[in-house]
Structures are given as structure tokens and as C-alpha cells.
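Subject: Structure handover and notes

Hello,

Please find the structure below, followed by my notes on it. Could you read them alongside the coordinates?

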Amino acid sequence: MIIAKEIRNVIDNNGPNKLYMVSDFAYLNNDGAATRTLARLADEGVLMRISQGLYLYPSRNRFGVLRPSIEEIAYAIAEKDKARIIPSGLTALNKLGLSTQVTMNAVYLTDATARELVVENCKIIFKRSTPRNFAYKTDLFPVVVTAMKELGKDKVTDDQVRIIKEIIEKYDGNADDLKYDYSIAPQWIKQRLAL
């Protein structure tokens, strides 16, 4: 009972939109009790079971539970793993508005361990990538680079380049960081964007 109370206190104190797994409560030295408590809290509707052994304390409003997006779940997992992630493939294209195609798999490059999680009817895939992909200073440029790579060097249209340039122009972060990111992008991407 003391372990269950401690877990509930931690969850309440941390607030909504936090992910939990049994290893978060390893300091209690009772994985069995932690597993049962998390499962019970999910059955009671306090937590949402996101995937096997992964639970979310969701935000709520007067209409009920606010379900997080797949992207929010992916970033929460990365935060928990102390990993960096970059949307890749169709996920990057959708994020930039270059594709409306609905993907059943959300793919992210990561500097942590590669793995796959099934969340509802979607798969979140973390692919281990090289440190070079994480050398960018902004959050925007790696998404631009992975999106353009997904389209392919000879298949990026002028219209797509125009959309990407508009997104870059609206970027409200550090201009020097953006220039740096442009400078380390692959040569063919720099030529197409010509910033």
C-alpha cells in the first residue's frame, strides 16, 4: 500500500503529459508492486496504457481525456530515454506540410537504441542514426534535410522547395544557428535551397 501511494504521489506531483514505466520506480525496490500499481491506475482511468509497459498520465479538460498525438508520444519517449529524435521519411514530409499521405508508421531517427513500439493502430519506429544527423543547432533544419532526402535529389520539385523556403523564412529561432545548419547540410540540399 505504501508503494502504491508513493507512485500515485509521484504521478500527481509531476502533472500531466508524463510517461511512466516500472523502471521509473526502481528506487522502491519492488518491481512487482510497481507493475501492479501502474496497471491498476490504467484500469481506473488515471493512466493511459500507451504500449506494453508504458503509461501516460494524460491531460484532461471538461470533455474528458485529451489524447496525445503520436508525435507527442514519440517526443515524450525520447525525453524519457534522454535521446534526441528527428522526424524521418513521411513523418518529416507531413510535419513540413509536403505530404498529406497518412502513414501507419511514424519514423524517427534517434541517437539512442533503435526500437519499435505499437501505439493504438500506429507503429512508432526509432532508427539509430549517425551523429552527423544530430549536429544541427535548430530543430527545423534536420527535418528539412530528412524530408528532402526522402523526396530524393532529383525528385524535389520547385514547388516543394518554395514551401520549404517559406518555412525557413518564418523560423523564429536564432538566425546564426540557422546559417550554421545550412552550412553543414548536404551540398545538393544547399544548392536547391540557395539561402
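Strands β8 and β9 pair in the antiparallel sense through five bridges; strands here are DSSP runs of E with at least two residues, helices are runs of H or I with at least four, and both are numbered from the N terminus. Pairing requires at least two DSSP bridges between the strands. The model is predicted, so local features need pLDDT of at least 70 and side-chain atom pairs count only at pLDDT 80 or more, while totals for chains, interfaces and linings use all residues. Residues are numbered from 1 along each chain as its sequence is written, and side-chain values use heavy atoms, with hydrogens and water left out.

One of the β8-β9 pairs puts E116 opposite I125 in β9. The two strands form a hairpin with two residues between them, and E120 in that turn has a positive phi of about 55°.

The hairpin belongs to an open sheet of four strands, ordered β6-β7-β9-β8, with mixed pairing. β6 (85-87) and β8 (115-119) are the edge strands; each has a single partner, so one side of each has no neighbour in the sheet. On average, neighbouring strands of this sheet are turned by 25° against each other, direction ignored. The parallel pair β7 (residues 105-110) and β9 (residues 122-128) is joined by six bridges. Among its pairs, N105 stands opposite K123, and A106 has I124 as its bridge partner.

Two helices pack on this sheet. Helix α4 (residues 89-96) touches β6 and β7, and its direction makes about 100° with that of β7. Helix α5 also touches β6 and β7, at about 50° to the direction of β6. Contact means heavy atoms within 4.5 Å.

Helix α5 (residues 140-151) also has helix α6 (residues 158-170) as a neighbour: their axes come within 11 Å and cross at roughly 175°. That makes the two roughly antiparallel (an angle over 145 degrees). Axes are lines fitted to C-alpha atoms, for helices over the stretch in contact, with angles from 0 to 180 degrees between N-to-C directions. On the α5 side, L140, F141, V144, M148 and L151 meet Q160, I164, I167 and I168 of α6. By class, this contact has eight nonpolar, one polar and no charged residues; Ala, Val, Leu, Ile, Met, Phe, Trp, Tyr, Cys and Pro count as nonpolar, Asp, Glu, Lys and Arg as charged, and the others, Gly among them, as polar.

Elsewhere, helix α2 (residues 31-43) has 13 residues, which at 1.5 Å a residue should span 18 Å, and its end C-alpha atoms are indeed 18 Å apart; the expected span is 1.5 Å times one less than the number of residues. A33, A34, T37, L38, L41 and A42 of α2 are buried, meaning under 20% relative accessible area with a 1.4 Å probe, protein chains only. These buried residues pack against α1 (2-14), β1 (18-20), β2 (48-51) and β3. Just after α2, G45 takes a positive phi of about 85°.

Y57 lies in β3 (residues 54-57) and counts as buried because its relative accessibility is 16%. Leaving out residues up to four places away in sequence, Y57 touches I11, D12, G15, P16, N17, K18, Y20, V46 and L47.

For the chain as a whole, there are eight helices and nine strands, and 44% of the 195 residues are buried. The C-alpha atoms fill a box of roughly 65 × 35 × 30 Å along the principal axes.

Regards

Definitions and conventions:
Angles under 35 degrees count as roughly parallel, over 145 as roughly antiparallel, 65 to 115 as roughly perpendicular and the rest as oblique. Buried means under 20% relative accessible area, exposed over 50%, partly exposed in between (1.4 Å probe, protein chains only).
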